[in-house]
Amino acid sequence: MRIREENCNMVLLAIVACFSVAIAGGATLLGFDDKPVRFADRTTAGVERSPSPDKRIIYVGDQPPVRMIGAPFVPNTNPRER
């Protein structure tokens, strides 16, 4: 029985997937991972924290402009015309 060339990649993928599931199942049954799974607490992710008193507040508009050196970048939309 020979595997056709069109199906060899799918057979290889199926074999790797079966081995991966077998290894993960074995690790689960043996209990190598003793720590419980905890999800991140995302309830405070949108809350803005007050800055610490020893840090200075930096406003983006107050920063000095950056000096550009050289010609500005212009994309070449028509490569046949230079």
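**View 1. Gly-31 follows directly after helix α1.** Here Gly-31 takes a positive phi of about 75°. This is a predicted model, where local features need pLDDT of at least 70, side-chain atom pairs count only at pLDDT 80 or more, and totals for chains, interfaces and linings use all residues. Residues are numbered from 1 along each chain as its sequence is written, and side-chain values use heavy atoms, leaving out hydrogens and water.

**View 2. Helix α1 covers residues 8–30.** The protein chain has one helix and zero strands; helices (H or I, at least four residues) and strands (E, at least two) are DSSP runs, numbered from the N terminus. The 23 residues of α1 should span 33 Å (1.5 Å times one less than the number of residues), and the end C-alpha atoms agree, being 33 Å apart.

**View 3. Arg-4 and Glu-6 form a salt bridge.** Side chains of opposite charge can pair when their charged atoms come close. In a salt bridge, a side-chain nitrogen of Lys or Arg lies within 4 Å of a carboxyl oxygen of Asp or Glu. The closest N and O atoms of this pair are 3.2 Å apart, and a search of the whole structure finds one salt bridge. Both residues are exposed (buried is under 20% relative accessible area, exposed over 50%, partly exposed in between; 1.4 Å probe, protein chains only).

**View 4. Meet Cys-8 and Cys-18.** Cys-8 is partly exposed at 36%, while Cys-18 is exposed at 54% relative accessibility.
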